[in-house]
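Grab a coffee and work through these exercises with the model open beside you. Try each task before you read its solution.

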Amino acid sequence: MAPQIQISKDQQTDFERDGFVIVPAVLDDTTVQQARDKFEPLFSGQFDTGIQPDEWNWRDGRDNPALTRQICNGWKADRIIASIVLRQDISACCAQLRQWRSARLNQDNVIWKPPGSKALGFHQDDSYQDWIVPSEMMTCWITLDDTRADQGTIEYVKGSHLWPVSPPIAQFHAPDDPLDDLHRAAQAAGVTPDIVPIEVSAGSAVFHHGRTWHGSRANSGQAPRRSVVAHCMSGDACFHSHNTSSIYSRYKMHGSVEMNESFFPVTYSDSGQRSAWLEAYLQD
Ligand SMILES: O=C(O)CCC(=O)C(=O)O
């Protein structure tokens, strides 16, 4: 049974000041191991549910082994990933931290940084959300490995959730300088960025605001760094009437901005309601 997590008053205060907050022991050891065991099959195209994830950016045998490997919406392909990212308590924490009455899953990420793999550019998640209204996300990033600064852990810029939203960064995967866009945004904000590498044990989470600048440098250590990420949005979110996401606006129905719960499930609401199909899907 996975531990149930909650946000304390102190954690709420830290989040409001810093734009991120660490919550230890979100996954127990069994779940950490079950999730790690899914990485090789998922990235080689073995999908338990028979459904391909929405994005599968690195394929075994096709892509450069030095790139960070990423899948988006692994929950559609695999029920272990689903059992993590669709957790009610995780989205309840996202909702509490942002004072939302409910939360939906916007998308998940499965991220694998083997030893020697390259950086992901520092960015703000909200730069990529102009296809939804309100165009903002709130994220729970969970590590499946003990993290170290030299092993490509996630890094956050303290207080940067208070900066304006910048445009999408020039190069997300394997940029020459992962801090390039961040430095420009910091200069515009008149701030010297305070970059915090997250060093925590496997199973720990960090919740971050959609405007908080973050990224990860190359993994120059000997061990992999693997993560599962739940990106939530307000339960009231709908599609933007004309801005599109090349991948996710495929789920928009003509003549409507409504988000269908089959694709963007309501994972928490203060009335206790979740999308009706979730429990059966998770038990299947
Ligand atoms: O795990 C990483 O390296 C980056 C993850 C990320 O960008 C996110 O969780 O929003």
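**Exercise 1. Find which residues T212 is in contact with, leaving aside its neighbours within four places in sequence.**

*Solution.* Bear in mind that this is a predicted model.
- Step 1: place the residue. T212 sits in the loop between β10 and β11.
- Step 2: list its partners. Once neighbours within four places are set aside, T212 is in contact with G19, F20, Q124, Y156, V157, S160 and H161.
- Step 3: decide whether T212 is buried or exposed. The cut-off for buried is 20 or more other C-beta atoms within 10 Å. T212 has 26 of them, so it counts as buried.
- Step 4: check a residue that is not on the list. F47 is 165 residues from T212 in sequence, and their C-alpha atoms are 32 Å apart in space.

**Exercise 2. Work out which residues surround the ligand, and which strands supply them.**

*Solution.*
- Step 1: collect the shell. It consists of N109, I111, L120, D125, T139, W141, I154, H214, S216, S227 and V229.
- Step 2: sort the shell by character. You should get five nonpolar residues, five polar ones and one charged.
- Step 3: look for strands that give at least two residues each. Those are β4 (102-113), β7 (138-143), β11 (214-216) and β12 (225-234).

**Exercise 3. Take β7 and describe how its residues point and which strands it pairs with.**

*Solution.*
- Step 1: check burial. Six of the six residues in β7 are buried, so the strand is mostly covered.
- Step 2: split the strand by direction. M138, C140 and I142 point one way, while T139, W141 and T143 point the other. Two from that second set, T139 and W141, also belong to the ligand shell.
- Step 3: follow the first partner. β7 runs antiparallel to β10 (residues 205-209), with five bridges joining the two. In this pairing T139 stands opposite H208.
- Step 4: follow the other partner. β12 pairs with β7 over six bridges, again in the antiparallel sense. Here T143 faces S227 of β12.

**Exercise 4. Trace the largest nonpolar core and say which helix gives the most to it.**

*Solution.*
- Step 1: get its extent. The core holds 64 residues, and V85, C94, C140, I142, F207 and V228 have the most contacts inside it.
- Step 2: name the helix. α5 (residues 88-98) is the top contributor, with six residues.
- Step 3: see what in α5 is buried. The buried set is I90, S91, A92, C93, C94, A95 and L97.
- Step 4: see what they pack against. Their partners are α1 (9-18), β4, β7, β10, β12 and β14 (266-269).
- Step 5: zoom in on C94. Beyond residues up to four places away, C94 touches A103, M138, C140, F207 and C232.
- Step 6: step off the end of the helix. Just after α5, Q99 takes a positive phi of about 55°.

**Exercise 5. Decide why the chain can be called as compact as a globular protein of its length.**

*Solution.*
- Step 1: count the elements. The protein chain has seven helices and 14 strands.
- Step 2: compare two numbers. The radius of gyration is 18 Å and the globule rule gives 19 Å for 284 residues; these are close, so the chain is as compact as a globular protein of that length.
- Step 3: add the box. Along the principal axes, the C-alpha atoms fill roughly 45 × 40 × 40 Å.
- Step 4: add burial and contacts. Buried residues account for 46% of the chain's 284. Of the contacts between residues at least 6 apart in sequence, 83% join residues at least 24 apart.

Conventions. Residues numbered from 1 in each chain as written. Predicted model: local features only at pLDDT ≥ 70, side-chain atom pairs only at ≥ 80, totals over all residues. Near = placed C-beta within 6 Å. Helix = DSSP H or I, 4+ residues; strand = E, 2+ residues; numbered from the N terminus. Nonpolar A, V, L, I, M, F, W, Y, C, P; charged D, E, K, R; others polar. Buried ≥ 20, exposed ≤ 12 C-beta atoms within 10 Å, placed from the backbone. Pairing = 2+ DSSP bridges. Core = buried A, V, L, I, M, F, W, Y, C linked by C-beta atoms within 7 Å. Contact = placed C-beta atoms within 7 Å. Rg over C-alpha atoms; globule rule 2.2 N^0.38 Å.
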